[in-house]
Amino acid sequence: MTQPDRIHLRDHVVTAEIGAFQSERGQTQRLRFDLTVDLRDPVDGADDHVDRILSYDVLVQAIDAALADQRYNLVETLAERIAAEVLADPRAARIEVTVEKLDRGPGALGITISRAAGRVAVTPAHLPVRIIVGRPAHLPPGAAVVLPDAPVQPLPQGGDARRLALLGLDQSAWILAATLGIEVAETRTELDAAIRAGRAVVWAPARLAVEAPDVAPEGAALALWLAPRLAADRIDIAGPLPALPPDLAVPVERIRGGDE
């Protein structure tokens, strides 16, 4: 049987408070993490495209998210939570998680668990994210994905008009990012990393929006397409509200723009 391709994180050491004994409460100790993930698809089909491979950032962020969620008595529970976080990504098929305490004895004390996708009982916590169209007067705290409302004008005539409009939006994204003082994200991997880190980015949509040829190349339409894919909590539009589909599940609000 052919072994699946794997990615791994080894010897990742974090200081945290953990443990069921009274002597461990109110004290931090070093934890060492080793994660090995079986990929659902082989890397030779990735075509050097970052969104087709499980990012190493997902492994580090799974540890950070699990530790931030609660204080754990058992390393076993912590390992389960980390496994759930990683296996929530559809590119992961199986994970092996080792968590070791480095300060409780003469050697490392810990647990190794192996879990397959679909066999994890813990549901990863929802990460709130807001989508903003246009240049907001103020960026809200927390994770936000900002979209330019219109492409750079004038657009060249002829050729693939939709592709040219998306490339114009990419130009607008870089200009908007410089104005707001935040980074640009082009791939789903970059968007996910920003959401997990709780920070704002400007989305340059050309690379991802090619998957949605029926979506108009303008900010509001792209926001409505992106929102369910990111499980967004709301969409803010710095300008007039467009016509909205009646079955839209995400609340949409008008906010004050930077030019108002």
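Which residue is the bridge partner of Leu31 in S3? In this predicted model, the bridge partner of Leu31 in strand S3 is Lys101, and this pair belongs to the antiparallel pairing of S2 (residues 29–39) with S3 (residues 92–101), which extends over nine bridges.

The pairing of S2 with S3 forms part of an open sheet of four strands, arranged in the order S1-S2-S3-S4 with antiparallel pairing. The edges of this sheet are formed by strand S1 (residues 6–16) and by S4, each of which pairs on one side only. On average, and with direction ignored, neighbouring strands of the sheet are turned by 15 degrees against each other. S1 runs antiparallel to S2 and is joined to S2 by nine bridges; within this pairing, Leu9 has Leu35 of S2 as its bridge partner. On the other edge, S3 and S4 run antiparallel and are joined by eight bridges, with Glu100 standing opposite Gly110 in S4. Strand S3 itself is mostly covered, seven of its 10 residues being buried.

Two helices lie across this sheet. Helix H1 (residues 56–69) lies across S1 and S2 and runs at about 30 degrees to S1, whereas helix H2 lies across S2, S3 and S4 and runs at about 150 degrees to S3. H2 comprises residues 75–87, and the 18 Å from its first C-alpha to its last is close to the 18 Å expected for its 13 residues at 1.5 Å a residue. H2 is mostly covered, since 10 of its 13 residues are buried. Among these buried residues are Val75, Leu78 and Ala79, together with the charged-type names Arg81 and Glu85. The buried residues of H2 pack against strands S2, S3 and S4, and also against helices H1 and H4.

Helix H4 (residues 188–197), one of the elements against which the buried residues of H2 pack, also packs with helix H6 (residues 219–230), at an angle of about 65 degrees and with the two axes 12 Å apart. The crossing in which H4 passes H6 is right-handed. On the side of H4, the contact is made by Arg188, Leu191, Asp192 and Ile195, while H6 contributes Leu226, Arg229 and Leu230. The residues of this contact divide into four nonpolar and three charged, with no polar residue among them.

A further set of strands shows parallel pairing. Strand S5 (residues 130–133) and strand S6 run parallel and are joined by four bridges, and in this pairing Ile131 has Val145 of S6 as its bridge partner. S6 also runs parallel to strand S8 (residues 200–203), to which three bridges join S6, and here Val146 stands opposite Val202 in S8. Strand S6, which spans residues 144–147, is covered on both of its faces: Ala144 and Val146 are buried on one side, and Val145 and Leu147 are buried on the other. Val145, the partner of Ile131, and Val146, which stands opposite Val202, thus lie on opposite sides of S6.

Terms used. Residues numbered from 1 in each chain as written. Predicted model: local features only at pLDDT ≥ 70, side-chain atom pairs only at ≥ 80, totals over all residues. Heavy atoms only, no water. Axes fitted to C-alpha atoms, helices over the stretch in contact; angles between N-to-C directions. Helix = DSSP H or I, 4+ residues; strand = E, 2+ residues; numbered from the N terminus. Left-handed = near helix turned anticlockwise from the far one by under 90°. Contact = heavy atoms within 4.5 Å. Nonpolar A, V, L, I, M, F, W, Y, C, P; charged D, E, K, R; others polar. Buried < 20%, exposed > 50% of the residue type's maximum accessible area, 1.4 Å probe, protein only. Pairing = 2+ DSSP bridges. Expected span 1.5 Å × (residues − 1).
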